[in-house]
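Thank you all for coming; I would like to take a few minutes to walk through one structure that most of you have not seen before. Please have a look at it first, and then I will go through it piece by piece.

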Amino acid sequence: MAWVIVRGQFILIDKKCERISDESYNEAENFDDGLAIVQKDHKSFFIDKNGKKITDEVYEYASVYTEGFAVFRKGGKWFFIDKTGSEVFNQKYDSAANFNCGLAAVEKNNKWFFIDKEGKELSGDRYDSTNGFSEGLACVTSGDQCFFVDTTGKEISEDRYDDASDFHD
């Protein structure tokens, strides 16, 4: 499968360059684990490799699937869905990031924390900001200082920094 653009619209084709579906989209992401995010008329939703919507839900924003989940926004709140398009965890967040290292960063009441793949909080710790986990560590900010925590929520050092990037090998 490949996306082609014709008159500003994304169209899904097969290896014979034949259309897979009659639908066209304003925007489209590459497929990941058999699903792709597309946007039509300022609404995002997921399609399968046949070009069929996996649910009738439409979202203000939807992310790619990572570690079996996608994060989406509807009605100004953020949720997680599984590969069937079903909402999971029964929680609504002010903001949320994709899963990485088995954890996702979520925000409620201007404070960030981490949840696992069952929707349970990693610890009671709250932070002013975070980019989430990368290579098993997350840079978190509390006040005007940042530091790193591991996937158990434990601070890995007493060192504090003005700013830091995520770890990337």
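Let me begin with a pair of residues that you can find on the screen: F133 stands opposite A138 in β14. Before I go further, I should say that what you are looking at is a predicted model.

The pair that I just pointed out belongs to the contact between β13 and strand β14, residues 137-142, which run antiparallel to each other over four bridges. These two strands are part of an open sheet of three, in the order β13-β14-β15, and the pairing there is antiparallel. At the edges of that sheet are β13, covering 129-134, and β15, covering 145-150, each of which pairs on one side only. From one strand to the next, the twist averages 20 degrees.

Staying in this region, I would draw your attention to E135, which is placed in the loop between β13 and β14. E135 has a positive phi of about 55 degrees, although it is not a glycine. That deserves a remark because most residues other than glycine have a negative phi. As for its surroundings, E135 is partly exposed, with a relative accessible area of 48%.

There is another residue to mention here, namely E67, which also is not a glycine and has a positive phi of about 55 degrees. E67 is found in the loop between β6, residues 61-62, and β7, residues 70-74, and it is partly exposed, with a relative accessible area of 33%.

Let me now turn to another sheet, which is open, has three strands in the order β3-β4-β5, and pairs in the antiparallel sense. Its edge strands are β3, at 27-28, and β5, at 43-48, and each of them pairs on one side only. Strand β4, residues 35-40, is joined to β5 by antiparallel pairing over six bridges, and within β5 it is F46 that stands opposite I37.

That brings me to the inside of the model, and to the question of which residues line the largest cavity. The lining consists of E29, N30, D32, L35, A36, I37, F46, S63, V64 and Y65, and β4 gives the largest share of it, with three residues. By character, the lining divides into six nonpolar, two polar and two charged residues. The volume of this largest cavity is about 40 Å³, and the count of cavities of 30 Å³ or more comes to one.

How values were computed
Residues numbered from 1 in each chain as written. Predicted model: local features only at pLDDT ≥ 70, side-chain atom pairs only at ≥ 80, totals over all residues. Heavy atoms only, no water. Pairing = 2+ DSSP bridges. Axes fitted to C-alpha atoms, helices over the stretch in contact; angles between N-to-C directions. Buried < 20%, exposed > 50% of the residue type's maximum accessible area, 1.4 Å probe, protein only. 1 Å grid on protein atoms, 1.4 Å probe; cavity = no way out; pocket = protein on both sides within 12 Å on 5 of 7 lines; lining within 4 Å. Points joined across faces, edges and corners; volume = space filled by probe spheres on them. Nonpolar A, V, L, I, M, F, W, Y, C, P; charged D, E, K, R; others polar.
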